[in-house]
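Me: Please give a close account of a single position in this structure and of what surrounds it. I should then like the description to be carried outward, element by element, in one connected answer.

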Amino acid sequence: MAVDPLDDYIDASSKALALPVEEAWKPAVRANLEVSLKLARLVDEFALPDEAEPASVYTA
Amino acid sequence: MTTNSATPSASGIANAVATRKLSAQDAIDAALARIKRHDQVLNCFTDVTADRARAKARAIDAAIAAGNGAGPLAGVPFAVKNLFDVRGLATRAGSKINRDLMPAKRDAALIERMEAAGAVLVGALNMGEYAYDFTGENVHDGASRNPHDPTRMTGGSSGGSGGAVGGGLVPIALGSDTNGSIRVPSSFCGIFGLKPTYGRLSRARSFPFVFSLDHLGPFARSAGDLALAYDAMQGSDSDDAACTARPIEPVTPSLSQDIGNLRIAIAGGYFQKNVFPEAVEAVARVAKALGAARIVEIPEAARARAAAYVITTTEGASLHLDRLRKRPNDFDPAVRDRLLAGAMIPAPLVDRAQKFRRWYRAQVLELFRTVDVIIAPATPCVAPKLGQVNFVLDGVEMPVRANIGIHTQPISFIGLPVVAVPVPLEPMPIGVQIIAAPWREDIALRVAHALERSGVVAAPQPRGL
């Protein structure tokens, strides 16, 4: 069975962040990540002008 | 279920204590007795601070006997979600891990302000782990249970706050709301809850969840009690970077003002989808009582909910990153797995969510040029059964946890003030959101008060308590 790219991503990012993700946790982490990415895509698809400022604007 | 509440109100206790018809000590002893009697079932309290409460009550009685003025909340018992610092307790925030923290040396700012007004802290309340929850269930402390049906959820994450006020154990509780955690338990437990404007009330010395979305606020059994508590807690605080420097704007004096001049509309589109008949009925009753027929579309509400979700999961992951590394097995596994996934969301997607947030805020503020109040469901359904995983809506099976907060998230995302009002449907109550423009808590509370006087909304007294 081919390895899903999202599983590879979970392995790589957990290593990069030094986060322990045990095998038994992976299905739930993956399910949560799928939901989060799906919702993030909904935001990503919304066209904003280059000048759009984030809600959190730093004030010196 | 009856709406003829047998639970003493905060204003009633304060008046009786101030006029020496009731001692603060008797008021507190009565509250402690209610907690002892009912909390074995409701499981709302994780700590009861009886000694401290009795000492404070004695001091109040002595001050009144000496002719010193009583505060507006004299002798009123209240309790706080256990993410508020309580002097002498470790601030557990619903977790196992935080129990290892040193006991807090100082109370949270809002506890200090409530007690300065004469209120008396009687304990700390159960909550979903680290506030990442809409159910009120907790793997470490057990679920808080709904006072109207203990087999059902209180809602979360301020589950103990909802259950304690809904069950009449205390007239006022404090909680937090990041995505709906005051409004959801208010809805499920049949009480009033105020999520103020973002930045209005100090969060100093409370355990955070999502800095850019966290709010603190009160629960009560009437709009008047909600206003009393809110007024006692207002004021700037340099210990919370987001806390406003605006002057205090008391709402109690204007609570009974006529609302006939207000432009009130019903949220359409997104807010009329994915709702059970009870939520439709509750909004219809409130709209009819207010004479509201206009429907307004809050633009891009689904995307706003999505952006709130992304910011929540990533900021939450950032907060807990080190605990995820060092003590992953001490988390509730469901919370841990959500946070681990949140840590893996690429940064540009979070940045885009924050940019969208500013755009969305501008659109909604524009809408408030033509309307003063928007009403919307607080939850899509009445309280689900404890442990319930899915519900079926229009023939489609949907996960409970992910959908409880769909109507609250797009509102708190831009920090609008909301009063959740209880519609006493049978057999279970359900809430409606009364949403106002930023800093107009006064308007939302006036509308809640008017609805209460009309009899359409009320905090029902649970059967059997």
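Reply:
**Local environment and its wider setting**

Leaving aside residues up to four places away in sequence, C44(B) touches D39(B), L125(B), N126(B), S144(B), G160(B), G163(B), A164(B) and L169(B). The model is a predicted one. C44(B) sits in the loop between helix 2 and strand 1 of chain B. There are 32 other C-beta atoms within 10 Å of C44(B), and 20 or more suffice for burial, so this residue is buried. Between the C-alpha atoms of C44(B) and D351(B), which are 307 residues apart along the chain, the separation is 38 Å.

The description may now follow the chain onward from this loop. Strand 1 (45–48) of chain B is one of the edge strands of an open sheet, the other being strand 10 (295–296) of chain B, and each pairs on one side only. The sheet comprises 11 strands of chain B in the order 1-3-2-6-8-7-14-15-11-9-10, and its pairing is mixed.

Helix 3 of chain B covers residues 50–65. At 1.5 Å a residue, its 16 residues should span 22 Å, and the end C-alpha atoms are 22 Å apart, so expectation and model agree. Its buried residues are A53(B), K56(B), A57(B), I60(B), D61(B) and I64(B). Viewed down the axis of helix 3 of chain B, these buried residues occupy an arc of 140° and therefore line one face of the helix. In an α-helix there are 3.6 residues a turn, so residues three or four places apart point the same way. The exposed residues D51(B), A59(B), A62(B) and A65(B) are on the other side of helix 3 of chain B. The buried residues of this helix pack against helix 2 (24–42), strand 2 (77–81), helix 4 (109–116) and strand 3 (120–125) of chain B. Just after helix 3 of chain B, G67(B) adopts a positive phi of about 90°.

Further along are two places where the backbone merits attention. Most residues other than glycine have a negative phi, and most peptide bonds are trans. Y130(B), in the loop between strand 3 and strand 4 of chain B, has a positive phi of about 50° although it is not a glycine. Y130(B) counts as buried because 26 C-beta neighbours lie inside 10 Å. The peptide bond joining G156(B) and S157(B) is cis, with omega about 10°. S157(B) belongs to the loop between strand 5 and helix 5 (159–166) of chain B.

Strand 4 (residues 145–146) and strand 5 (residues 149–153) of chain B pair in the antiparallel sense over two bridges. They form a hairpin with two residues between them. Within this pairing, M153(B) in strand 5 of chain B is the bridge partner of R145(B).

Elsewhere in the open sheet, strand 7 (residues 192–195) and strand 14 (residues 418–423) of chain B pair in the antiparallel sense over three bridges. K195(B) has V418(B), in strand 14 of chain B, as its bridge partner. Helix 7 (residues 223–233) of chain B lies across strand 6 (172–177), strand 7, strand 8 (215–220) and strand 14 of chain B, and runs at about 140° to strand 8 of chain B.

Two further backbone features follow strand 14. P427(B) is in the loop between strand 14 and strand 15 (430–436) of chain B, and a cis peptide bond with omega of about 0° joins E426(B) to P427(B). W439(B) is placed in the loop between strand 15 and helix 14 (441–454) of chain B, and its phi is positive, about 70°, although it is not a glycine. W439(B) is partly exposed, with 17 other C-beta atoms within 10 Å.

The account closes with the contact between chains. In chain B, 29 residues are in contact with 25 residues of chain A. Helix 9 (301–326), helix 10 (333–343) and helix 11 (347–367) of chain B are the elements that give two or more residues to the side of chain B that touches chain A. Helix 11 of chain B gives the most, with 11 residues. By class, this side of chain B has 15 nonpolar, four polar and 10 charged residues.

How values were computed
Residues are numbered from 1 along each chain as its sequence is written. Chains are lettered from A and ligands numbered from 1 in the order in which they are written. This is a predicted model: local features need pLDDT of at least 70, side-chain atom pairs count only at pLDDT 80 or more; totals for chains, interfaces and linings use all residues. Two residues are in contact if their C-beta atoms, placed from the backbone, lie within 7 Å. Helices (H or I, at least four residues) and strands (E, at least two) are DSSP runs, numbered from the N terminus. Ala, Val, Leu, Ile, Met, Phe, Trp, Tyr, Cys and Pro count as nonpolar, Asp, Glu, Lys and Arg as charged, and the others, Gly among them, as polar. The expected span of a helix is 1.5 Å times one less than its number of residues. A residue is buried if 20 or more other C-beta atoms lie within 10 Å of its own, exposed if 12 or fewer, and partly exposed in between; C-beta atoms are placed from the backbone. The arc is that of the directions from the helix axis to the C-beta atoms. Two strands pair if DSSP finds at least two bridges between them. Axes are lines fitted to C-alpha atoms, for helices over the stretch in contact, and angles run from 0 to 180 degrees between N-to-C directions.
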